[in-house]
Amino acid sequence: MSKAIYPGSFDPVTKGHLDVIMRSSKIMDHLIVAVLDNPRKVATFEIEKRVEMLKLITEPYPNVEVDYYQGLLIEYAQQKKIDIIIKGLRAISDFEFEFQMALVNQKLNPAIETLFMMTNSKYSYLSSSIVKEIAALGGDISSLVPSEVHSMIVSKYD
Ligand code: PNS
């Protein structure tokens with residue numbers, strides 16, 4: 001049975017994340033979308049909210065589970081007995097950092113592979129930061145985030 005982890009901050013989830021979730025869930029038997037709960041970094045959305053949003057949008061996908069983790073991703077993967085990490089790649093600008101993280105994780109545990117999924121070109125410009133900036137300035141984010149979580153995101157900036 002093929003199992004993978006799709007980790008991230010998801011602060012908040014965007015349509016780009018959902019696209020990677022949908023495509024990964026088609027090629028994996030089981031996918032865990034894992035939200036990093038980093039006590040050293042203040043996120044815009046609390047961990048509970050980020051998990052709730054992901055649970056809402058992944059309801060239609062029975063092989064997708066939503067969870068959160070603290071500490072090293074590789075330790076979380078080991079604990080879950082999963083040896084594939086999926087990361088989304090948007091532009092060349094993502095590559096350097098993602099490449100470094102994949103190599104560090106490979107060093108920490110060579111049995112765990114990182115697979116990169118290219119973004120859908122529709123979402124190559126999209127990021128959680130862009131969503132937050134537009135929402136904070138009162139712009140329309142309806143084409144950028146899943147409709148199920150739109151009001152949860154907008155209400156943060158009321
Ligand atoms: O959505 P993001 O912020 O690009 O996701 C990055 C994330 C959360 C996947 C990554 O920073 C992570 O897993 N951090 C946990 C600590 C860790 O394992 N770091 C890698 C070794 S330096």
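These legends accompany close-up views of the largest pocket, the ligand and the loop between β1 and α1 in a predicted model.

Residues are numbered from 1 along each chain as its sequence is written, and side-chain values use heavy atoms, with hydrogens and water left out. Because the model is predicted, local features need pLDDT of at least 70 and side-chain atom pairs count only at pLDDT 80 or more, while totals for chains, interfaces and linings use all residues.

**View 1. The largest pocket and its lining.**
Here is the largest pocket, with a volume of about 1300 Å³. On a 1 Å grid over the protein atoms alone, a pocket is an open set of points where a 1.4 Å probe fits, with protein on both sides within 12 Å along at least five of seven lines; lining residues have an atom within 4 Å of a point. Points are joined across faces, edges and corners, and the volume is the space filled by probe spheres set on them. Look for Gly 8, Ser 9, Phe 10, Lys 87 and Glu 98, which lie nearest the centre among the 45 lining residues. By class the lining has 20 nonpolar, 15 polar and 10 charged residues (Ala, Val, Leu, Ile, Met, Phe, Trp, Tyr, Cys and Pro count as nonpolar, Asp, Glu, Lys and Arg as charged, and the others, Gly among them, as polar).

**View 2. Helices and strands around the largest pocket.**
Helix α4 gives the most to the lining, with 8 residues. Among the other elements that supply at least two residues each are β1 (3–8), α1 (15–27) and β4 (84–89). Helices (H or I, at least four residues) and strands (E, at least two) are DSSP runs, numbered from the N terminus.

**View 3. The ligand in the largest pocket.**
The ligand sits in this pocket, meaning that more than half of its atoms lie within 2 Å of the pocket's grid points. Its shell (residues with a heavy atom within 4 Å) includes Pro 7, Leu 36, Lys 87 and Met 101. Helix α4 gives the most to this shell, with 3 residues.

**View 4. Polar contacts of the ligand.**
Each contact is a pair of N or O atoms within 3.5 Å. Oxygen atoms of the ligand lie 2.5 Å from a side-chain N or O atom of Ser 9, 2.6 Å from a polar side-chain atom of Tyr 69 and 2.8 Å from a polar backbone atom of Leu 73. Taken alone the ligand exposes 560 Å², and the protein buries 69% of that (Shrake-Rupley method, 1.4 Å probe).

**View 5. The loop between β1 and α1.**
Phe 10 is in this loop, and its phi is near 50 degrees, a positive value in a residue other than glycine. Pro 12 is also placed here, joined to Asp 11 by a cis peptide bond with omega about 5 degrees.

Notes: Polar contact = N/O pair within 3.5 Å; in protein donor to acceptor, adjacent residues only side chain to side chain.
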